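Here are a few exercises to work through with the model open in your viewer. Try each task before you read its solution.

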There are 4 protein chains.
Amino acid sequence: MSTTAPPGRPRSERARRAVLHAVDDMLVDIGYAAMTIKGIAERAGVGRQTVYRWWSTKAEILLEASVIDAAEALETPAQDDPVADLTTYLQALVDFLTTSPAGMAYRALLGEAQHDPAVQVLVGDADLLAASTAAVLDRVRASAPAMPQVGLAAAQLAGPVVTTVLTARPPWTADQLRLHAATLIKGWQ
Amino acid sequence: MSTTAPPGRPRSERARRAVLHAVDDMLVDIGYAAMTIKGIAERAGVGRQTVYRWWSTKAEILLEASVIDAAEALETPAQDDPVADLTTYLQALVDFLTTSPAGMAYRALLGEAQHDPAVQVLVGDADLLAASTAAVLDRVRASAPAMPQVGLAAAQLAGPVVTTVLTARPPWTADQLRLHAATLIKGWQ
Amino acid sequence: MSTTAPPGRPRSERARRAVLHAVDDMLVDIGYAAMTIKGIAERAGVGRQTVYRWWSTKAEILLEASVIDAAEALETPAQDDPVADLTTYLQALVDFLTTSPAGMAYRALLGEAQHDPAVQVLVGDADLLAASTAAVLDRVRASAPAMPQVGLAAAQLAGPVVTTVLTARPPWTADQLRLHAATLIKGWQ
Amino acid sequence: MSTTAPPGRPRSERARRAVLHAVDDMLVDIGYAAMTIKGIAERAGVGRQTVYRWWSTKAEILLEASVIDAAEALETPAQDDPVADLTTYLQALVDFLTTSPAGMAYRALLGEAQHDPAVQVLVGDADLLAASTAAVLDRVRASAPAMPQVGLAAAQLAGPVVTTVLTARPPWTADQLRLHAATLIKGWQ
DNA sequence: TAATAATCGAGACGGTACGTCTTGTCTTCGT
DNA sequence: ACGAAGACAAGACGTACCGTCTCGATTATTA
């Protein structure tokens, strides 16, 4: 009971990878706004139609290209102390958002979502931070009996840091992150 | 000791206002992404050059058009209970972000800032939420002796709500807002 | 030994013709000065870039549009008498310059050449009158043994008529044309 | 019976001359096509409105600026031999058209006249070559009994040379000019 | 071993916004 | 009232990118 391959020339894996790599590179080199589909196709050495055949928008390519990395980047080792555990995670989050290419992609997507409803759906569906926040919150739950449902707690944890970065304010220092973690642990008692 | 007027025809206040109104209207009608400077000029009944003479980007116009409204929309009356005080503010914030034109402008600017460094500076300089959060935090400070410095506390208060909206997740309910306020007040003891 | 087609979509003959026709029409309707490349593209139902892709200037389009017509319009039947032969040609030349669309195009190009060195080269290269004057001069050469080299004789023949038209003076009557022809034939004895 | 001066500040002769000089200079520096009224005003250190108040078009300024010189430039000393007389004039005409600023202005105006009916009238009214050709033709009339009416003869004399220059062909050599003069003198016997 | 079919690259197509430029008019102040 | 300065509405400039289309060439499956 095997599915037969459809007739015609199959999709070129080479072309697909070339596009994703081009997007990755260009995001770092020239930024999201300066990227054009024309430019991506040329950089990838690929026909323009080929890009349009498989993706609808810049945002869609970006999502496929970079965002897989997000989950990995935010996996942090458990710590003995709950405050330290949250702080470690928050530091990883700040680094991700401010320095990593995947973080830049995430911010670009979040930005685009504010203008384009289609991207809004895309971003809403793929909650890139959910898995990692859930993991760390699970670890500290024992020490925080009054912690609210996971979605809300995740927002309480990550929201302030994310907003600070998105509004172009200086990212929090280690001390500030620890203070925030402590506030939450205490508030969740 | 009077400053003499510069030579030449003075700037037309009529044209300035027409542009700002046009931007306000178009943001609601067609959204930020679909707005073009050409379109703004035409809608305002103004020459294209006149727009370029006084503003560099869509974002700059939007900022001038909407900043004033933000502060007013987020002024909330004091409440007896500190948790209620914060909750009232948070509800106003959610309404502002999800329903008001000025809130849409704010989100559009925040979005644009993720692509464009120039807008990033613009948004970073004009912290539209700062004044209102500072006001409400001042009122509850007596009941929250361990509250951190105002910038950090403001982020703790508003960040989770803002992030939830920006990531296109359903905005928090009244109960959830109250729970968040309670967590902070307790955490700040 | 066949030349392979270049890659990519081939040039649209339809678009080319539409542009040339539009230019022809507009020259008559609104005149050379009022013609804009934007207007040509719109009238032709063609993208603006398509015009720029194949022509650099209004003048270049005009030249391509009108050159062919010029030669035909100035072919005149041989006459028995050399003076009559020249007179017939001169009459055709006057009509061409003063009434035909191709003649208007020629005058517009000649005008543009006085401002724009690039057009000067264009006009200099394509001597629209050369073929027709050479033909008629060949026919009368037997009756005019002292006729100078063809370029000079052609200028002697056509120059006075052309200048009269270009300087906006009333075009010569049939009698005046015959007188001019007679002067030359006598001078060339 | 004296005419009283009109009320208000009288026209500034300084401004008028500054404009005319600017036009003269710019014609040589950047050419007719590149000249703009804005540019003329700036170069002359004069308000834009001041230019518009006194002249309607570039062509009008040019006419006032340069064309007075034309008549002088084409006054040639009488020669003993009629052929030499005409040849001397023709040489002056070629020099005027190809090298002198006033000649460039004349060609620019003639060019503009092909696009703009208003300039056509301007140029038609002011026959810049008429006076000079009439003078030289008068001198040779005795040796050319069959010379046609002055307008026609003037065109026969100057037309070929003018057309050669306007069509961007190499201007005639001294030998060619002499040959042309000889043809006419013989034709006019 | 064709024939068929969907892919690929390249690049032209009709559109349209960009930011700049010049047009001719207007509105201010200083002479 | 005129002069300079310069803003105004209008609209063309030439460029860039959009998303679609039309080529010849390639690479699979099916007959």
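**Exercise 1: the largest cavity**

Task: find which residues line the largest cavity, and sort them by character.

Solution. Start with the lining: Leu63(C), Tyr106(C), Leu109(C), Leu110(C), Val123(C), Ala126(C), Asp127(C), Leu128(C), Thr167(D) and Arg169(D) surround the largest cavity. A cavity here is a set of points, on a 1 Å grid over the protein atoms alone, where a 1.4 Å probe fits but cannot get out, and a lining residue has an atom within 4 Å of a point. Before going on, note that this is a predicted model, where local features need pLDDT of at least 70, side-chain atom pairs count only at pLDDT 80 or more, and totals for chains, interfaces and linings use all residues. Residues are numbered from 1 along each chain as its sequence is written, chains are lettered from A and ligands numbered from 1 in the order in which they are written, and side-chain values use heavy atoms, with hydrogens and water left out.

Next, sort the lining: 7 residues are nonpolar, 1 is polar and 2 are charged. In this scheme Ala, Val, Leu, Ile, Met, Phe, Trp, Tyr, Cys and Pro are nonpolar, Asp, Glu, Lys and Arg are charged, and the others, Gly among them, are polar.

Then look for the main contributor: helix α6 of chain C (residues 101–115) gives the largest share of this lining, 3 residues. Helices here are DSSP runs of H or I with at least four residues, numbered from the N terminus.

Finally, the volume: the largest cavity holds about 50 Å³, and the count of cavities of 30 Å³ or more is 4. Volume is the space filled by probe spheres set on the points, with grid points joined across faces, edges and corners.

**Exercise 2: chains C and D**

Task: work out what rotation superposes chain C on chain D, and describe their interface.

Solution. The rotation is 180° with 0.0 Å of shift along its axis, and the RMSD is 0.3 Å. The fit is by least squares on C-alpha atoms of residues with pLDDT of at least 70 in both copies. Within chain C, the C-alpha of Gly111(C) comes closest to the axis, at 1.6 Å.

Now the contact (heavy atoms within 4.5 Å): 38 residues of chain C and 38 residues of chain D take part. For the area, use the accessible area (1.4 Å probe) lost on putting the two parts together, summed over both. That gives about 3,300 Å², 60% of it from carbon and sulfur atoms. Gln114(C), His115(C) and Leu152(C) supply 19% of the area chain C buries against chain D, more than any other three residues.

Last, the charges: the interface of chain C and chain D has 2 salt bridges, a term for a side-chain nitrogen of Lys or Arg within 4 Å of a carboxyl oxygen of Asp or Glu. One of them joins Asp127(C) to Arg169(D) (3.4 Å, N to O), and both of these residues also line the largest cavity.

**Exercise 3: chains A and B**

Task: which kind of axis relates chain B to chain A?

Solution. A turn of 179° with a shift of 0.0 Å along the axis lays chain B on chain A, at an RMSD of 0.4 Å. That is how a two-fold axis relates its copies. The side chains of Asp127(A) and Arg169(B) form a salt bridge (3.4 Å, N to O).

Note on methods. 1 Å grid on protein atoms, 1.4 Å probe; cavity = no way out; pocket = protein on both sides within 12 Å on 5 of 7 lines; lining within 4 Å. Helix = DSSP H or I, 4+ residues; strand = E, 2+ residues; numbered from the N terminus.
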